[in-house]
Amino acid sequence: MPFAAGLHDSLQFRDNQVPIELANGESLKDVLSKYLVAVEAVSAPDVITSVLLLSADGKRLFHGAAPRLPQTYCDAIDGTEIGPHVGSCGTAAYYGRPVYVSDIASDPSWADYRHIALPHDLRSCWSTPIRDPNGDVIGTFAVYRPVVGGPSEKAIQAIEMITEHVAQAIILARSVQDRAGPAPRRFEAPRLKLVASNEPEAPANDQSTRLLELAEKMELKAADLDDLADRTASKQAVEAARKAAELSRQVAESIRAKVDNGPNPRRPA
Amino acid sequence: MSDGPAFQKAGSSAFHQDAEELLTELGLSLDRLLDLDVRESEHLISEVRIIVDQIRSELRDVGKN
């Protein structure tokens, strides 16, 4: 069975973290990535998961999160129009039902896409629609494996549970986004605002801004690592946590120092 | 980038190398922490790894530009 015990606890832990993370300005992609990392941590090592999000017009699937899928694969399928024979996810979103493809190499749904998947050793793909409370499809959750085969009954139950939790996270993120005001109908919650509210918001797509956001997040995690060290009895673990915290801060400082040497995107000329 | 790259070409290679070394060292320290099987550390380590991956991705994009 690809999913181990502990999945439910991991998902509940994530559920509890999501409101905090969204309040801290983390993006939907970050939140979803953490769900998938948590799922994969209690899954068979060969399980790779992904979330695709359906566009507002219900026609296309865009990348939501997939921490272990190859970037080239994610890029290749990003924005794919859904349809009756569009891989597992495009087909699942189109029909609004799970599509468990046990052999990507031979399944007709993958005829136009298997040349993208097989080079990455993606051999089977089980996709399930993610629905909002009205029952409308808002995305898909997929499990990829490097072996041919379909899901067991227990795996299907696990997938359904994961899909429900992920749906809640998406809905919560979008409600936060809606409260924050109108934004382009893309699929991320508002980005972390590092600037004070009375300052102009930095350009959303600026690489420097994104790096500064990541530096900020890294510093927050450094503090968490210090907290972990404070709570840990083992001397070795304390040293390891402190070292990781120190390196996290160095990474953050290094980014800031470099970005600050260039034009500061937070201070328009 | 339309508003001028904050990462100037000059010195970027050295910065990328330094950053990559730091990120690699951080990754090793996270491996070490994970090996020690500290309770409650797994989620935190995963979250830090996500940020590390995102930084690497951004740095690669900067390098392309």
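User: In S3(A), which residue is the bridge partner of Leu61(A)?
Analyst: Keep in mind that this is a predicted model. S2(A) covers residues 60-65 of chain A, and it pairs with strand S3, residues 80-81, in the antiparallel sense over two bridges. Within S3(A), the bridge partner of Leu61(A) is Thr80(A).

User: And which residue in S2(A) stands opposite Leu52(A)?
Analyst: Here we look at strand S1, residues 48-54 of chain A, which pairs with S2(A) in the antiparallel sense over four bridges. Opposite Leu52(A), on the S2(A) side, stands His63(A).

User: Which residue in the hairpin of S1(A) and S2(A) takes a positive phi?
Analyst: That hairpin has five residues between its strands. One of the hairpin's residues has a positive phi near 70 degrees, and that's Gly58(A).

User: What is the strand order in the open sheet of six strands?
Analyst: As a bit of background, strands of a sheet pair through backbone hydrogen bonds, either parallel or antiparallel. In this sheet of chain A the pairing is antiparallel. The edge strands are S3 and strand S4 (99-101), each pairing on one side only. Read across, the order is S3-S2-S1-S6-S5-S4.

User: How many helices are there in chain A?
Analyst: From the N terminus on, the elements of this chain run α-α-β-β-α-β-α-β-α-β-β-α-α-α. Chain A has six strands, and its helices number eight.

User: What share of the residues of chain A count as buried?
Analyst: Buried here stands for under 20% relative accessible area. Chain A has 269 residues, and the share that meets this cut-off is 52%.

User: Which helix gives the most to the largest nonpolar core?
Analyst: This core has 34 residues, and those touching the most other members include Met218(A), Val251(A), Leu26(B) and Ile55(B). Helices H7 (207-231) and H8 (235-261) of chain A and helices H1 (12-35) and H2 (41-64) of chain B each supply at least two residues of the core. With 10 residues, the one giving the most is H8(A).

User: Which residues of chain B does Met218(A) touch?
Analyst: Let's leave out residues up to four places away in sequence. On the chain A side, Met218(A) touches Ser248(A), Val251(A) and Ala252(A). From chain B, the contacts of Met218(A) are Leu26(B), Val48(B), Ile51(B), Val52(B) and Ile55(B).

User: How many residues are in the second, separate core?
Analyst: Among the members of this core are Leu28(A), Ala44(A), Val51(A) and Ala173(A). The second core's residue count is 31.

User: Why does Glu58(B) count as buried?
Analyst: Glu58(B) lies in helix H2 of chain B. Leaving out residues up to four places away in sequence, Glu58(B) touches Gln207(A), Arg210(A), Leu211(A) and Leu214(A). The cut-off for buried is under 20% relative accessible area. Glu58(B) counts as buried because its relative accessible area is 11%.

User: Which helix gives the most to the lining of the second largest pocket?
Analyst: This pocket is lined by 23 residues, and Gln17(A), Lys221(A), Asp224(A), Leu44(B) and Glu47(B) lie nearest its centre. Helix H1 (7-23), helix H2 (28-41) and H7 of chain A, along with H2 of chain B, each supply at least two residues of the lining. The most, eight residues, come from H7(A).

User: How many residues in the lining of the second largest pocket are charged?
Analyst: The pocket itself has a volume of about 410 Å³. By class, its lining has eight nonpolar and four polar residues, and the charged ones number 11.

User: What is the volume of the largest cavity?
Analyst: Searching the whole structure turns up five cavities of 30 Å³ or more. For the largest cavity, the volume is about 140 Å³.

User: Which helix supplies the largest share of the lining of the largest cavity?
Analyst: This cavity is lined by 13 residues, with Ile77(A), Val86(A), Gly87(A), Cys89(A) and Gly90(A) nearest its centre. The lining divides into nine nonpolar, four polar and no charged residues. Helix H3 (71-77) and helix H4 (87-95) of chain A each supply at least two lining residues. The largest share, four residues, comes from H4(A).

Note on methods: Residues are numbered from 1 along each chain as its sequence is written. Chains are lettered from A and ligands numbered from 1 in the order in which they are written. This is a predicted model: local features need pLDDT of at least 70, side-chain atom pairs count only at pLDDT 80 or more; totals for chains, interfaces and linings use all residues. Side-chain values use heavy atoms; hydrogens and water are left out. A nonpolar core is a set of buried Ala, Val, Leu, Ile, Met, Phe, Trp, Tyr and Cys residues joined through side-chain atoms within 4.5 Å. Buried means under 20% relative accessible area, exposed over 50%, partly exposed in between (1.4 Å probe, protein chains only). Contact means heavy atoms within 4.5 Å. Two strands pair if DSSP finds at least two bridges between them. On a 1 Å grid over the protein atoms alone, a cavity is a set of points where a 1.4 Å probe fits but cannot get out, and a pocket is an open set with protein on both sides within 12 Å along at least five of seven lines; lining residues have an atom within 4 Å of a point. Grid points are joined across faces, edges and corners, and a volume is the space filled by probe spheres set on the points. Ala, Val, Leu, Ile, Met, Phe, Trp, Tyr, Cys and Pro count as nonpolar, Asp, Glu, Lys and Arg as charged, and the others, Gly among them, as polar.
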